[in-house]
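Here is a walk through one protein model, taken feature by feature. Keep the viewer open as you read.

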Amino acid sequence: MFSQLPAPMLDPILSLSVAYRNDPRDEKVDLGIGVYKNSAGETPVMQAIKQAQDIVVATQTTKSYVGLAGCEQFNQSMIDLLLTGTSAMDRVSAIQTPGASGALRMLGDLMKVAQPNTTIWISDPSYVNHKPVMEAAGLKVRHYRYFSRDTKQVDVDAMMADLRTAGKDDVVLLHGCCHNPTGADIDFDAWQAITQLSQKNGFTPFVDIAYQGFGDGLEADAKGLRYMADNVEEMLITTSCSKNFGLYRERTGAAIVVANTKQEADNAKGKLMTLARSTYTMPPDHGAALVKTILGSDTLTQVWKQELSQMQKRLVSLRKALCDELKNSHGTSQFDFIQSHKGMFTVLGFSQEQMTQLREEYGIYGVGDGRINIAGLTEKDIPYVANAIVRVA
């Protein structure tokens, strides 16, 4: 049975962590996998999560199944976090999923059932898992131009030109904030323009928002998504608690459907539960229980928001510090675009050969497409990383 299987290809991101751990050099920096690290180089458990865990351990009375939709209190909390104040609140449904990748697959499967000839448009470049997940669901995938390699910013004109060709059988996948891998986000004007284009051409928007709170803050990061949800009949959303709650290993996410009516949203939820039954049946409970506990308590919510704000501000300060080091110590403003990007990631504009040089000569691990994880930096790393970037450039 297995003799015909080819040797597996290494995952372009996850394999970096293995290589980094096996690297014997003392002076090495892991800027590959997308996890947040504090000044000590650790991915911490948030205080709000620790307090919620104590509550869950003390009050949870069973480990019985949670059901196909997962924790409904968690689902409503995710809807509230993203869509409060919009008309979509009256015509929305959600299921809990194993992370945002699980949500992507569930909504991919839903699109295939509801509209078999769907073509989904994703940005060029986009999150490495978007294309394979959608293709695994049986959907056709097309790319729209997004990132200018010259300016290191969003090429809005090119993006809009491509999206004008999307029609009623198409779905357009957008990053809600903190674009992965580039860190370059569309502005609110672009959100409005895409919304109007969706109304005119009939394509369905799909927003993947995995980093809410890491860009400009919880509310600001949801502004474009909320405007869109308030002004389109149908919309798909995936969200993750990996980053803003630090629940990476708990695989806590949600798939959300905004429909024209509440009945249609409920019908979509029913189909999602059927699809979940034939895939993983039920999502893991622990992460959702923690998030539900936090967002159900005013005190814990405030603790969480303060911690998240501190993380967001630190990301901004790391970007500034890296640009300042490049400018002040090396006399170059070539990488000033890093400071304008948002969230965890930035694309340096380096070739795969240059990224290999960074890794082999300096022990700095980034993804082959030029992406580095700003959240993987520590303050003490910045002079070393800046020096390596300049030498490789």
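Two helices, α4 (99-114) and α5 (130-136), each give at least two residues to the lining of the largest pocket. Bear in mind that this is a predicted model. The pocket itself holds about 650 Å³ of space. Its lining runs to 28 residues, and S101, Y127, N180, K243 and R251 are the ones closest to the centre. By character, the lining splits into 14 nonpolar, nine polar and five charged residues.

Since α4 helps line the pocket, let's look at that helix a bit more. Twelve of its 16 residues are buried, so α4 is mostly covered, with buried meaning under 20% relative accessible area. The buried set starts with G99, A100, S101, G102, A103 and L104, and it also takes in M106, L107, G108, D109, L110 and M111. One of these, S101, is also among the residues closest to the pocket centre. Does the length of α4 agree with what its residue count predicts, or disagree? At 1.5 Å a residue the helix should span 22 Å, and its end C-alpha atoms sit 23 Å apart, which agrees.

Now for the backbone oddities. Most residues other than glycine have a negative phi, and most peptide bonds are trans. The exceptions below are worth a click.

| Feature | Value | Where |
|---|---|---|
| cis peptide bond, D124 and P125 | omega about 5° | P125: loop between β3 (119-124) and α5 |
| cis peptide bond, N180 and P181 | omega about 25° | P181: loop between β5 (170-175) and α7 (188-201) |
| positive phi, C178 | phi about 50° | C178: loop between β5 and α7 |
| positive phi, T281 | phi about 70° | T281: loop between α10 (262-277) and α11 (286-295) |

The loop between β5 and α7 shows up for C178 and again for P181. N180, joined to P181 by a cis peptide bond, is also one of the residues closest to the centre of the largest pocket. Is C178 buried or exposed? With a relative accessibility of 1%, C178 counts as buried, because the cut-off for that is under 20%.

Next, two lysines. K269 belongs to helix α10. Its relative accessible area is 15%, so K269 is buried. Not counting residues up to four places away in sequence, K269 touches A69, E72, S93, A94 and I95. K292, for its part, is in helix α11. At 26% relative accessibility K292 counts as partly exposed, because that value falls between the 20% and 50% cut-offs. With the residues up to four places away in sequence again left out, K292 touches C71, Q73 and F74. For a sense of distance, the C-alpha atoms of K292 and Q334 are separated by 44 Å, though these residues are 42 apart along the chain.

Finally, the nonpolar interior. Which residues of the largest nonpolar core touch the most other members? Out of 70 residues, they are L83, M159, I194, F214, M235, I237 and W304. Helix α3 (residues 72-83) provides the largest share of this core, with six residues. M235 makes a good starting point for a neighbour list: leaving aside neighbours within four places in sequence, M235 is in contact with T204, P205, V207, L225, M228, A229, I256, V257 and V258.

Note on methods: Residues numbered from 1 in each chain as written. Predicted model: local features only at pLDDT ≥ 70, side-chain atom pairs only at ≥ 80, totals over all residues. Heavy atoms only, no water. 1 Å grid on protein atoms, 1.4 Å probe; cavity = no way out; pocket = protein on both sides within 12 Å on 5 of 7 lines; lining within 4 Å. Points joined across faces, edges and corners; volume = space filled by probe spheres on them. Helix = DSSP H or I, 4+ residues; strand = E, 2+ residues; numbered from the N terminus. Nonpolar A, V, L, I, M, F, W, Y, C, P; charged D, E, K, R; others polar. Buried < 20%, exposed > 50% of the residue type's maximum accessible area, 1.4 Å probe, protein only. Contact = heavy atoms within 4.5 Å. Core = buried A, V, L, I, M, F, W, Y, C linked by side-chain atoms within 4.5 Å. Expected span 1.5 Å × (residues − 1).
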